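Open the model in your viewer and keep the selection box at hand. Each stop gives you something to select, then tells you what is there.

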Amino acid sequence: MSKIPVGILGATGMVGQQYITLLNDHPWFDVRYVAASPRSAGKKYEEAVAGRWQLSKTYAPHVGSIKVEDANDVSCAVSAFKKKKCAFVFSALEMGKDETSALEEAYAAAGIPVISNASAHRWTPDVPVLIAEVNPHHTDIIPMQQKKRGWKNGFIVVKPNCSIQTYMIPLHALVQAGFLIKKIIVTTMQAVSGAGYPGVPSLDTIDNLIPYIGGEEEKSEMEPLKIFGTILNEEIQNAVMPKISACCNRVPLTDGHTACVSLAFGLKKPSIEEIKKVWASYKGLPQENNFPMAPKQPIVYREENNRPQPRKDRDTDKGMAVVIGRLRPCNVFDIRFTALSHNTVRGAAGGGILNAELLKFKGFLR
C-alpha cells in the first residue's frame with residue numbers, strides 16, 4: 001500500500017517535532033511537506049531545527065532535507081497538494097487564536113483537510129473535538145461542515161486539550177458500561193512541555209508549583225461536554241452532565257500530565273472491582289481495528305499504591321495509554337483515582353495521528 005503524503009504546519013515547534021518523530025516509519029502516512037514561521041521558511045528542515053531540537057529521537061533523513069515553507073502561505077500547500085506531496089495537514093500552529101482560526105479555515109477552503117492540535121476551533125459548533133476511542137461518531141458532522149461552508153474536499157477536526165485526555169477515556173469506559181457520572185472534581189499536575197518551547201521560565205518552575213494555567217480550567221470543565229455531546233441541527237450540542245470542577249497546576253516535570261479525580265455517580269453505583277473490570281476490558285474502535293498508533297490496551301491499571309508516576313509510566317504503550325492507580329472510595333463523592341497520560345504524545349501529536357487514522361478508516365482521507 002502506498003503511503004498518504006502528509007504535511008505539518010508548525011513543524012519546528014515542540015508538538016511539530018513530536019509529529020515528525022512519531023511519523024517515522026508510519027505504515028500509512030509519510031511526511032512530505034513541512035511549514036513553519038517566515039523565519040524558518042526557505043531553509044531545509046534540519047537547518048530550521050538546528051539548536052532547538054528538543055527530543056531524544058531524531059527525524060528521518062528525508063525529512064531533514066525537505067524545504068520549510070511559510071505556513072501563512074496556503075498556496076504553497078495547494079501546490080504540494082496538486083503535486084501529490086500533501087494530501088492533508090496536521091496543524092501544530094503556535095499563533096493567536098484568531099490567526100490560527102482564519103488560517104486553518106483558509107487551508108480547508110483550499111481543499112486541504114486540517115487535523116488540528118490548536119484550540120482555535122474547539123468551540124466552533126460544526127467542528128468535532130475528537131478522541132478516537134470516545135466519540136468517533138462525531139466525524140459524521142464533516143459532510144455537514146463542508147456543505148455549510150462550501151468546502152469540497154477540505155474540512156477541520158481538532159483534538160481536545162492535552163490534560164483532559166488523562167481522564168476522558170476512563171470516564172467514557174464507565175459511561176459506556178451504563179454508569180451515569182453526575183459530578184467530577186479534578187486536580188491536574190501538568191508538565192512544562194505542555195507550555196511549548198521555550199515555555200515557562202526555569203526560575204518559575206524549579207523548586208516550585210504554579211497554581212494557574214491561563215484558560216486551562218475553563219477548557220477542562222467545558223470540552224468534555226462537547227466530546228460527550230450529540231449532533232443535532234448540523235451542530236454538536238454539548239451534554240449537560242457531568243458537572244466538572246477543575247484546578248490546574250504547572251509542575252516541574254518534563255512530560256506527563258497527572259490528574260487526581262473524584263466522581264459522583266447517579267443511582268447506579270459501581271463497586272471498585274466492577275470499575276477495574278470495566279477499565280480492563282475497555283476497547284474502542286482504534287483497538288478493534290488495529291490502528292497503528294492505537295495502544296493495545298487504552299487503560300492500564302497499576303495496583304501499586306505509589307503509581308502511576310510520570311517518569312515510570314508516561315511512555316506506556318508508545319505513550320498512548322492512560323495509566324491509572326489508587327482507585328478507592330471517596331469521602332465526599334463515590335470514588336477517586338489518579339490517572340496519567342503523556343501530554344505531547346497521547347495529548348498532542350500521537351492523539352492527532354490517531355485521529356488521522358480514524359479519518360482514513362472512515363474514508364475521509366485518500
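The tour below runs from a pocket, through a helix and two cores, to some backbone details and a cavity. The model is predicted.

**Stop 1: the largest pocket**

Select Val15, Asn117, Ala118, Arg122 and Gly194. Of the 35 residues that line the largest pocket, these lie nearest its centre. The pocket's volume is about 710 Å³. Now colour α1 (14–22), α5 (97–109), α9 (216–227) and α14 (345–361). These are the elements that each give two or more residues to the lining. By residue class, the lining holds 13 nonpolar, 15 polar and 7 charged residues.

**Stop 2: helix α1**

Stay with α1, one of the elements that line the pocket. How many of the residues of α1 are buried? The count is 8 of 9, so the helix is mostly covered under the cut-off of under 20% relative accessible area. Select the buried ones: Met14, Val15, Gly16, Gln17, Gln18, Tyr19, Ile20 and Thr21. Val15 is also among the residues nearest the pocket centre. Next, show what covers these buried residues. The cover includes β1 (4–9), β2 (29–36), α2 (45–48), α3 (61–64), β4 and α14.

**Stop 3: Ser91 in strand β4**

Go to β4, part of that cover. Select Ser91, which sits in this strand, residues 88–91. Is Ser91 buried or exposed? Ser91 is buried, at 0% relative accessible area. Draw a distance from its side chain to the side chain of Glu104. The two make a polar contact at 2.7 Å. Then expand the selection to the contacts of Ser91. Beyond residues up to four places away in sequence, Ser91 touches Leu9, Glu104, Val114, Ile115, Ser116, Asn117 and Ala118. Asn117 and Ala118 appeared at the first stop, among the residues nearest the pocket centre.

**Stop 4: the nonpolar cores**

Select Tyr107, Leu263, Trp279 and Phe337. They have the most contacts inside the largest nonpolar core, a set of 52 residues. Add helix α7, residues 165–176. This helix gives the core its largest share, 6 residues.

Centre on Phe337. Which residues does Phe337 contact, leaving aside neighbours within four places in sequence? They are Ala259, Cys260, Val261, Leu263, Trp279, Ile324, Gly325, Arg326, Leu327 and Arg328. Leu263 and Trp279 are on the list of residues with the most contacts in the core.

Another core lies apart from this one. It has 45 residues, among them Val6, Ala36, Tyr59 and Leu130.

**Stop 5: Thr338 in strand β14**

Move one residue along from Phe337. Thr338 is in strand β14, residues 335–341. Thr338 counts as buried, at 9% relative accessibility. Its contacts, neighbours within four places left aside, are Thr258, Ala259, Cys260, Pro308, Val323, Ile324, Gly325 and Arg326. Ala259, Cys260, Ile324, Gly325 and Arg326 are also contacts of Phe337.

**Stop 6: two cis peptide bonds**

Pro308, a contact of Thr338, leads to the next feature. Select Arg307 and Pro308. The peptide bond between them is cis, with omega near 10°. Pro308 lies in the loop between β12 (299–301) and α12 (310–313).

Now select Tyr197 and Pro198. This bond is also cis, with omega near 5°. Look for Pro198 in the loop between β7 (181–190) and α8 (202–205).

**Stop 7: the loop between β8 and β9**

Select Asn233, in the loop between β8 (230–232) and β9 (235–237). Its phi is positive, about 55°, although Asn233 is not a glycine. Asn233 counts as exposed, at 65% relative accessibility. Step to Glu234, found in the loop between β8 and β9. Glu234 has a positive phi too, near 65°. Glu234 is partly exposed, with a relative accessible area of 36%.

**Stop 8: the cavity**

Finish at an enclosed space. The count comes to 1 cavity of 30 Å³ or more, and the largest cavity has a volume of about 40 Å³. Select its lining: Leu130, Ile131, Ala132, Lys159, Gln165, Arg346, Gly351, Leu354 and Asn355. By class, that gives 4 nonpolar, 3 polar and 2 charged residues. The largest share, 4 residues, comes from α14. Helix α14 also lines the largest pocket and helps cover the buried residues of α1. Leu130, in turn, belongs to the core of 45 residues.

Definitions and conventions:
Residues numbered from 1 in each chain as written. Predicted model: local features only at pLDDT ≥ 70, side-chain atom pairs only at ≥ 80, totals over all residues. Heavy atoms only, no water. 1 Å grid on protein atoms, 1.4 Å probe; cavity = no way out; pocket = protein on both sides within 12 Å on 5 of 7 lines; lining within 4 Å. Points joined across faces, edges and corners; volume = space filled by probe spheres on them. Nonpolar A, V, L, I, M, F, W, Y, C, P; charged D, E, K, R; others polar. Core = buried A, V, L, I, M, F, W, Y, C linked by side-chain atoms within 4.5 Å. Buried < 20%, exposed > 50% of the residue type's maximum accessible area, 1.4 Å probe, protein only. Contact = heavy atoms within 4.5 Å. Polar contact = N/O pair within 3.5 Å; in protein donor to acceptor, adjacent residues only side chain to side chain.
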